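Work through the exercises below with the structure open. Try each task before you read its solution.

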Amino acid sequence: MASIARCIRSARPSGLAALAQSSVSRRVIARPFSVTATNAIRKYTKEHEWIDVAADKKTGVIGISDYAAKALGDVVFVELPELGKKFAAGDAIGAVESVKSAADINAPISCTISHVNLTLEEKPNAINQVPEDDSHGGGWICKVTVGEQGIKDLDNLMTPEAYDEFTATEGEEEH
């Protein structure tokens, strides 16, 4: 953010007016502003897990969807996956228990666990507060490394738009 603030400050009219009035060359040198795309690829399973895969498709973050968190109710316990363990798509990597029920957390794609969200051991209700947040303090379950098979597995998952349609029809079936 500091670089953005510096760009904005340098473009203030008062700064430009002072430059125009000085006897120094009137050529304004502007530093181009560019950003490398770091957008994650978010996909969902029919079992209500999500994965954000980094733009380089080498790492990802797994969690349960907001829809699942609301359906579960107050989460009271989260079983986290084992660090370094490899999972195939669909394998149970952990579990979540709430006052209403318990459910497995499945690997959306083939992956290896590289980090777990230890915050969930002390504050499992973080899943209820921010289930689809992969920042510190968010409700994400684990971070993973992704191989070739994991990248192929992404094709079997839903886009956010398709997942929204899926949950809308799932909610209609329950009523």
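**Exercise 1. The whole chain**

Task: State how much surface the protein chain exposes and what share carbon and sulfur atoms supply.

Solution. Start with the area: the protein chain exposes about 11000 Å². Carbon and sulfur atoms supply 53% of that. Keep in mind that this is a predicted model. Next, burial: 36% of the 175 residues count as buried. Then count the elements: there are seven helices and nine strands. Last, take the contacts with a separation of 6 or more. Residues 24 or more positions apart account for 60% of them.

**Exercise 2. Strand S9 and its partners**

Task: Find which strands pair with S9, and in what sense.

Solution. Step one: S3 and S9 run antiparallel, joined by four bridges. Step two: strand S8, residues 111-116, also pairs with S9 in the antiparallel sense, over four bridges. Step three: follow Thr-145. In S9, Thr-145 is the bridge partner of Thr-59. Thr-145 is also the bridge partner of Thr-112. Step four: sort the side chains of S9, which spans residues 142-145. Cys-142 and Val-144 make up the covered face. Lys-143 and Thr-145 make up the uncovered one.

**Exercise 3. A lysine without a salt bridge**

Task: Locate Lys-43, then say which side chain of opposite charge is nearest and how far away.

Solution. Lys-43 sits in strand S1. Lys-43 is buried, yet has no salt bridge. Asp-155 is the nearest side chain of opposite charge, 5.5 Å away. A salt bridge needs a side-chain nitrogen of Lys or Arg within 4 Å of a carboxyl oxygen of Asp or Glu. Now list the neighbours, leaving out residues up to four places away in sequence. Lys-43 touches Glu-49, Trp-50 and Ile-51, and also Leu-154, Leu-157, Met-158 and Thr-159.

**Exercise 4. Positive phi in two loops**

Task: Place His-48 and Lys-57 in their loops, then decide whether each is buried or partly exposed.

Solution. Take His-48 first. Its loop lies between strand S1 (41-44) and strand S2 (49-53). The phi of His-48 is near 75 degrees, a positive value in a residue other than glycine. The relative accessible area of His-48 is 11%. Buried means under 20%, so His-48 is buried.

Now Lys-57. This residue is in the loop between S2 and strand S3 (59-64). The phi of Lys-57 is near 60 degrees, again a positive value in a residue other than glycine. With a relative accessible area of 33%, Lys-57 is partly exposed.

**Exercise 5. A nonpolar surface patch**

Task: Name the residues of the nonpolar patch and give their accessible area together.

Solution. The patch consists of Val-76, Phe-77 and Val-99. Together they have about 290 Å² of accessible area. Look at Phe-77 in detail: it is found in strand S4, residues 75-79. The relative accessibility of Phe-77 is 42%, so Phe-77 counts as partly exposed.

**Exercise 6. Far in sequence**

Task: Give the C-alpha separation of Ser-135 and Val-61.

Solution. First place Ser-135: the loop between helix H5 (126-129) and S9. Ser-135 counts as partly exposed, at 33% relative accessibility. Along the chain, Ser-135 and Val-61 are 74 residues apart. In space, their C-alpha atoms are separated by 9.9 Å.

Definitions and conventions
Residues numbered from 1 in each chain as written. Predicted model: local features only at pLDDT ≥ 70, side-chain atom pairs only at ≥ 80, totals over all residues. Heavy atoms only, no water. Patch = residues over 30% accessible without salt bridge, like charges linked within 9 Å, V, L, I, M, F, W, Y side chains within 5 Å. Areas by Shrake-Rupley, 256 points an atom, 1.4 Å probe, with all protein chains shown as cover. Buried < 20%, exposed > 50% of the residue type's maximum accessible area, 1.4 Å probe, protein only. Contact = heavy atoms within 4.5 Å. Pairing = 2+ DSSP bridges. Lys, Arg positive; Asp, Glu negative; His and termini not counted.
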